[in-house]
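Me: I'm new to this one and would like a close look at a single part of it. Could you walk me through the spot I name below, and then show me how other parts of the chain compare in style?

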Amino acid sequence: MTILPDDKLSQSSTDTALENDAVRERWGAFAWTEENAAEVEKILARYPEGRQASAVMPLLDLAQRQVGAETNTQGWLPVPVIEFVAAQLDMPYMRAYEVATFYTMYNLVPVGRYHVQLCGTTPCLLRGSDDVMAACKNKGLVKGKTTPDGLFTLTEVECLGACANAPMVQINDDNFEDLDYDIMTEILEKLSNDEAVTPGPQTGRQTSCPEGGPTTLKEMAEAAE
């Protein structure tokens, strides 16, 4: 585990746990909210007695979301919070830490209110992910860091499974697909101004249907409209 100084808090990472006196002081007394405590009971009830450790992933996710709600960010997992979850599940802290470091859905250092995860693998690259990255950079986002206002964190990630709609980004829990420079710029501007954005394909097509409309069974598609 790496101990980062306070001036590195803006760095986004999924393989470095952040631990220092300030983090310990802020999160050492972490406890579930009343609503989340009830949700934890529902989650634990899914597993046989003695197998509660199997709930580590949903509980870490729930803890991250609670931290996000308390900090008005997308959420992250301070070391004391991971310890809290491990203790509740009666499992070694290191086992829970291994899970948190393996899956990129968990953030181990603070992130912004909007965590922009940009896919840079081959399908997205061939369809213009460099233009999407340029749009992010021109709005002040830097890969691997959080903007000074705490609004955006930009991370380049591996395939997010929406190759037919490339290029795409995931922002918090939503996918934004069929992007280009202008569309990505508009999305970031709307989020900056606290305006509503519509996730999914940005070109008007339905889910992963062919661009320009159906190419087979056209009569059936028209009848369904």
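Where is Y103 found, and is Y103 buried or exposed?

Reply: Y103 sits in the loop that runs between α5 (93–102) and β1 (114–119). Keep in mind that this is a predicted model. Y103 counts as partly exposed, because its relative accessibility is 34% and that class lies between the 20% limit for buried and the 50% limit for exposed. Y103 also has company: together with F102 and M105 it forms a nonpolar patch on the surface. The accessible area of F102, Y103 and M105 together is about 320 Å².

Now for a patch of another kind. D130, D131, D180 and D182 gather on the surface as a patch of negative charge. One of them, D131, belongs to helix α7 (residues 129–138). With a relative accessible area of 44%, D131 is partly exposed.

Helix α2 (residues 34–44) is a nice place to see two faces. Its buried residues include N36, V40, I43 and L44. These residues sit on the same side of α2, because they cover an arc of only 90° around the axis. As a rule, an α-helix has 3.6 residues a turn, so residues three or four places apart point the same way. Turn to the face of α2 that points away from the buried side, and you meet the exposed residues E34, E35, E41 and K42.

Next, some backbone details in loops. N72, in the loop between α3 (56–71) and α4, has a phi near 55°, a positive value in a residue other than glycine. N72 counts as exposed, at 52% relative accessibility. T207 is not a glycine either, and its phi is positive at about 40°. You'll find T207 in the loop between β5 (200–201) and α9 (218–224), where its relative accessible area of 51% makes it exposed. Then there's a cis peptide bond: the one from A166 to P167, with omega near -5°. P167 is in the loop between β2 (152–157) and β3 (169–171).

Last, a look across the model. A87 is part of helix α4 (residues 79–88), and it is exposed, with a relative accessible area of 59%. From A87 to L188 is 101 residues in sequence, and in space their C-alpha atoms are 39 Å apart.

Definitions and conventions:
Residues numbered from 1 in each chain as written. Predicted model: local features only at pLDDT ≥ 70, side-chain atom pairs only at ≥ 80, totals over all residues. Heavy atoms only, no water. Patch = residues over 30% accessible without salt bridge, like charges linked within 9 Å, V, L, I, M, F, W, Y side chains within 5 Å. Areas by Shrake-Rupley, 256 points an atom, 1.4 Å probe, with all protein chains shown as cover. Salt bridge = Lys/Arg side-chain N within 4 Å of Asp/Glu carboxyl O. Lys, Arg positive; Asp, Glu negative; His and termini not counted. Charge placed at Lys NZ, Arg CZ, Asp CG, Glu CD. Helix = DSSP H or I, 4+ residues; strand = E, 2+ residues; numbered from the N terminus. Buried < 20%, exposed > 50% of the residue type's maximum accessible area, 1.4 Å probe, protein only. Arc of directions from axis to C-beta.
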